[in-house]
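Please open the model in your viewer and display the backbone as a cartoon. The tour below proceeds selection by selection.

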Amino acid sequence: CIQSSGVSRDHARLLVAPGSVTLVDASSTTGCFVNDQRVKRHRLRDGDLVRIGDRSFRFALSLSAAAAM
């Protein structure tokens, strides 16, 4: 859950599969962005900058990738 008035409870979904994570916009009004591009569905890669509503975070597929950033 992302604590923000700019993010709805059903804003987006993260679909997790072995070796991949896909961001899916759930028809939100403010949208989902990956690397400053609005997306409806996007397979995330290490280092992608994800923005949901007014919150941003850097995606890391593994803990070792996160430690290297």
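Which residue takes a positive phi in the hairpin of S1 and S2? Select Gly-19: its phi is near 85°, and the hairpin has two residues between the strands. The model is a predicted one, in which local features need pLDDT of at least 70 and side-chain atom pairs pLDDT 80 or more, while totals for chains, interfaces and linings use all residues. Residues are numbered from 1 along each chain as its sequence is written, and side-chain values use heavy atoms, with hydrogens and water left out.

**The whole chain**

Show the full protein, which has one helix and seven strands (DSSP runs numbered from the N terminus: H or I of at least four residues for helices, E of at least two for strands). Along the sequence the pattern is β-β-β-β-β-β-β-α. The accessible surface comes to about 4800 Å², with 51% belonging to carbon and sulfur atoms (Shrake-Rupley method, 1.4 Å probe). Of the 69 residues, 33% are buried (under 20% relative accessible area; exposed means over 50%, and partly exposed lies in between).

**Strand S2 and its partners**

Next, select residues 20-25, strand S2. Six of its six residues are buried, so the strand is largely enclosed by the rest of the structure. Colour the two faces separately: Ser-20, Thr-22 and Val-24 lie on one side, and Val-21, Leu-23 and Asp-25 on the other, all of them buried.

Add S1, residues 12-17, which runs antiparallel to S2 and is joined to it by six bridges (strands pair if DSSP finds at least two bridges between them). Ala-17 has Ser-20 of S2 as its bridge partner. Then add S5, residues 41-43, also antiparallel to S2 and joined to it by three bridges. Here Val-24 is partnered with Arg-41.

**Two loop residues**

Move to Ser-27, in the loop between S2 and S3 (32-34). Its phi is near 60°, a positive value in a residue other than glycine. Ser-27 counts as exposed, at 65% relative accessibility.

Asp-36 is found in the loop between S3 and S4 (37-39). The phi of Asp-36 is near 70°, again positive in a residue other than glycine, and the residue is exposed, with a relative accessible area of 57%.

**A charge over a ring**

Finally, display the side chains of Arg-51 and Phe-33. The charged end of Arg-51 sits over the ring of Phe-33, 4.0 Å from its centre (the criterion is NZ of Lys or CZ of Arg within 6 Å of the ring centre and within 35 degrees of the ring normal).

Definitions and conventions:
Buried < 20%, exposed > 50% of the residue type's maximum accessible area, 1.4 Å probe, protein only.
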